[in-house]
Amino acid sequence: MPELQRLRADHAPAVLAFESANRAYFAASVSDRGDDYFEHFSDGYEALLAEQEAGVCAFHVLVAEDGSVLGRFNLFDVVEGRTADLGYRVAQHVAGRGVATAAVEELCRLAATRHGLRTLRAATSDANIASQKVLAKAGFVPLGPALPAEIGGKQGTWYERTLTPAD
């Protein structure tokens, strides 16, 4: 059974393998991270861990029994006790199997219980039907338009979910 784990330094090789193996798949629906991301992965990864340590973000990986990363599920721009933005991506070989929905639901529980958040927001492009379905199944409702600058140059929609301590 896959486990949602808080991002740690020792996840780096598996995260890089996940991003590399799924690069073309991700680029079909979200902006490509670019060659610089892969060439300077270690520096960027250390910066993520520093952001997490500062409490600005909370990064998670969905780890398979064999230690490989099946997905990334992150809380950005955390405002303590209030809100955060959600971002996620799953590996192509597990897409469409409910993996993303289950992990987003788990992250909603963690956001409420561990981080004391009351609201999560997520944006997806209008063309990313799979992501829209994940958000709807996880209890998010459309909030309004997302500007192209907010989601990699594409038109989209912001979604929101109100959290409760029972989440």
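This passage walks through a predicted protein model, from its overall build to a few individual residues.

The model comes with a confidence score for every residue, and that is a good place to begin. The mean pLDDT of the protein is 93, and 99% of the residues reach at least 70. Among the elements, helix H2, covering residues 23-27, has the lowest confidence with a mean of 91, while strand E2, covering residues 58-63, has the highest at 98. As a general reminder, predicted coordinates should not be read in detail where pLDDT is low.

Turning to the fold, the protein contains 6 helices and 7 strands. Read from the N terminus, these elements follow the order β-α-α-α-α-β-β-β-α-β-α-β-β. The chain thus opens with a strand, which is followed by a run of four helices, and it closes with two strands.

The overall dimensions can be described in several ways. A box of roughly 35 × 30 × 30 Å, taken along the principal axes, holds the C-alpha atoms. The radius of gyration is 15 Å, which agrees with the value near 15 Å for a compact globule of 167 residues. Of these 167 residues, 45% are buried. The surface exposed by the protein comes to about 8,700 Å², with carbon and sulfur atoms supplying 54% of this area. Contacts also reach across the sequence: when residues at least 6 apart are considered, 59% of their contacts join residues at least 24 apart.

How many disulfides does the model contain? The count is 0. A disulfide is a covalent bond between the sulfur atoms of two cysteines, and the cut-off used here is 2.5 Å between the sulfur atoms. For Cys57, the closest cysteine sulfur belongs to Cys108 and lies 16 Å away, so the gap is too far for a bond. The search from Cys108 leads back to Cys57, again at 16 Å and too far for a bond. Both residues are nevertheless covered: Cys57 is buried at 4% relative accessibility, and Cys108 is buried at 0%.

Aromatic side chains offer another view of how the parts come together. A pair of aromatic rings is described by the distance of the centres and the angle of the planes. The whole structure holds 7 aromatic pairs. In one of them, the ring centres of Phe59 and Phe76 are 5.7 Å apart and the planes meet at 70°, so this pair is edge-to-face. Phe59 belongs to strand E2 and Phe76 to strand E3 (residues 69-79), so the pair ties together parts 17 residues apart in sequence. Phe59 is buried, with 2% relative accessible area, whereas Phe76 is partly exposed at 30%.

A second pair joins Phe73 and Tyr88, whose ring centres are 6.1 Å apart; their planes are at 10°, so the pair is stacked. Here strand E3 contributes Phe73 and strand E4 (residues 83-90) contributes Tyr88, so the link ties together parts 15 residues apart in sequence. Phe73 is buried, at 0% relative accessibility. Elsewhere, Tyr37, Phe38, Phe41 and Tyr45 make up one aromatic cluster.

Tyr88 appears again in the surroundings of Ser131. Ser131 sits in helix H6, which spans residues 129-137, and is buried with a relative accessible area of 10%. Apart from neighbours within four places in sequence, Ser131 makes contact with Tyr88 and Thr124.

Strand E3 also includes Asp77, a residue with a backbone feature worth a look. Most residues other than glycine have a negative phi. Asp77 is not a glycine, yet its phi is positive, at about 50°. Asp77 is partly exposed, with a relative accessible area of 48%.

Finally, Lys154 is found in the loop between strand E6 (141-146) and strand E7 (156-162). With a relative accessible area of 29%, Lys154 is partly exposed. What does Lys154 touch, not counting residues up to four places away in sequence? Its contacts are Ala28, Ser29, Val30, Ser125, Ala146, Leu147 and Pro148. One of these, Ser29, is 125 residues from Lys154 along the chain, with 9.5 Å between the two C-alpha atoms.

Methods. Residues are numbered from 1 along each chain as its sequence is written. This is a predicted model: local features need pLDDT of at least 70, side-chain atom pairs count only at pLDDT 80 or more; totals for chains, interfaces and linings use all residues. Side-chain values use heavy atoms; hydrogens and water are left out. pLDDT is the predictor's confidence in each residue, from 0 to 100. Buried means under 20% relative accessible area, exposed over 50%, partly exposed in between (1.4 Å probe, protein chains only). The radius of gyration is taken over C-alpha atoms; the globule rule is 2.2 Å times the number of residues to the power 0.38. Contact means heavy atoms within 4.5 Å. Accessible areas come from the Shrake-Rupley method with a 1.4 Å probe; for residues, only the protein chains shown count as cover. Rings of Phe, Tyr and Trp (its six-membered ring) pair if their centres lie within 6.5 Å; planes under 30 degrees apart count as stacked, over 60 as edge-to-face and the rest as tilted.
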